[in-house]
Amino acid sequence: MNRRDFLGASLSLGALRAIPAGSSYGLPVGMPAAPGGWVDQAHAIINDAARAPSSHNSQPWQIGLHDREHWRLSRAPGRDLPVVDPDGRECSQSLGAFLVGLEVAAAARGLRLEQDECAGAAGALPLRFNPRSVDTTWLPALRRRRTLRKALAPLAGCEAALAACLVAAPSARFFAHGTPAVRAIADATLEATAAQCKEDAVWHELARWIRWREGEIAENPTGVTPATMELPWLAQRWVAATYSRDDVLTPAFRARSLELAARQVQEGAGWLVFTTEHDTPADWRHSGAELMRLWLRAVPAAIALHPMSQALEVLPQRRSIAAALGLKHIQLLVRVGTRPYPPDTPSPRLAAQRISALL
Ligand SMILES: Cc1cc2nc3c(=O)[nH]c(=O)nc-3n(C[C@H](O)[C@H](O)[C@H](O)COP(=O)(O)O)c2cc1C
């Protein structure tokens, strides 16, 4: 077996853009910490909220702290995905998921998050925190949630649990395997993946967001790693020792991504499709928030979720799914199946000190 075979068809990733290591993303560094004070509490809240999912773990959020009650959320410069997400749809969805993370983490510390829904996509979103009773209901799920990309099983008796999760996401609909809708989603996903295989820019972008080695992860804890790809242990060691950015650009790597996607679309119970009435940045944030609310309920029910965005990143496939399903603005396509959540969440995160600053 050569080193390329070693990976098997283990990769199914979209494209990402690197951020400069050690960058503070335009925010002043060295925020003074008041031990036990409100800044420490803010950091604790932000560290929990940052467990939110983001497109290819780009973590596109940054927080400005005015004082204990008044914060500002904005998009972090350099943590966008201009090739696969030129409009910033996935970025806004990630911010929507992060806002739910903030809500949960703040409630666990006796604070209620209020936000101004009217803020635009590019503009910063003002956040306000008011006292409330402590509620830790969703904190364990926030800390344990992760993307599970492999070994999703059919629902087998968990239909009611999924229905209960869906109450938290009115814009999501479940389509079960074996239906024409799921065939249309699977076909479009594979066609879109094949189309992306021909686009060099997609793979150059992706290559900058894969962290093959521990040292890279420690220096720049964003992006996708061998552990989050769910490679077998030995393969993780192998790629960490031998792989580089150039490997991501090869035709063989692209072919394996397509093979993996072909297996993934057959696994699990079906797909969740998130739609919105309109197609504005606020709608994108809204769908990301609904994904997160549903996901937090899915964790204790051992219902695994895996967003697969390829078919929404390539316009003809995006249109063909919308036509096949008779739906207007499709925002997210998420594979769903059963699988218990492991205790560990290996996906790296930037610490609060690197994504927040006093204003
Ligand atoms: C808007 C959005 C789109 C995503 N698209 C994909 C995707 O196409 N393929 C994939 O494997 N994961 C996708 N993900 C999952 C992210 O890769 C994942 O959240 C990130 O790597 C962090 O890992 P974690 O969820 O395990 O914490 C997406 C997540 C979000 C929020």
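A polar contact is taken here as a pair of N or O atoms within 3.5 Å. In the predicted model, the side chain of Arg149 meets this criterion, with one of its N or O atoms 2.7 Å from an oxygen atom of the ligand. A second arginine, Arg145, places a polar side-chain atom 2.8 Å from an oxygen atom of the ligand. On the nitrogen side, a polar side-chain atom of Ser309 is found 2.7 Å from a nitrogen atom of the ligand. Taken alone, the ligand has 620 Å² of accessible area, of which the protein covers 98%.

The shell around the ligand comprises 21 residues, and Arg145, Thr147, Arg149, Ser309 and Arg349 are the closest. Sorted by class, twelve residues of this shell are polar, five are charged and four are nonpolar. The space that the ligand takes up is the largest cavity.

With regard to secondary structure, at least two shell residues come from each of α3 (89-107) and β7 (303-307). The largest contribution is that of α3, which provides three residues.

At the level of domains, the shell draws on both domain 1 (3-9 + 146-338) and domain 2 (38-145 + 352-358), and the ligand therefore lies between them. The ranges given for the two domains place Arg145 in domain 2 and Arg149 in domain 1; the polar side-chain atom of Arg145 is 2.8 Å from a ligand oxygen atom, and the corresponding distance for Arg149 is 2.7 Å.

Definitions and conventions
Residues numbered from 1 in each chain as written. Predicted model: local features only at pLDDT ≥ 70, side-chain atom pairs only at ≥ 80, totals over all residues. Heavy atoms only, no water. Near = heavy atom within 4 Å. Polar contact = N/O pair within 3.5 Å; in protein donor to acceptor, adjacent residues only side chain to side chain. Areas by Shrake-Rupley, 256 points an atom, 1.4 Å probe, with all protein chains shown as cover. 1 Å grid on protein atoms, 1.4 Å probe; cavity = no way out; pocket = protein on both sides within 12 Å on 5 of 7 lines; lining within 4 Å. Sits in = over half its atoms within 2 Å of the grid points. Helix = DSSP H or I, 4+ residues; strand = E, 2+ residues; numbered from the N terminus. Nonpolar A, V, L, I, M, F, W, Y, C, P; charged D, E, K, R; others polar. Domains from an automatic or database assignment.
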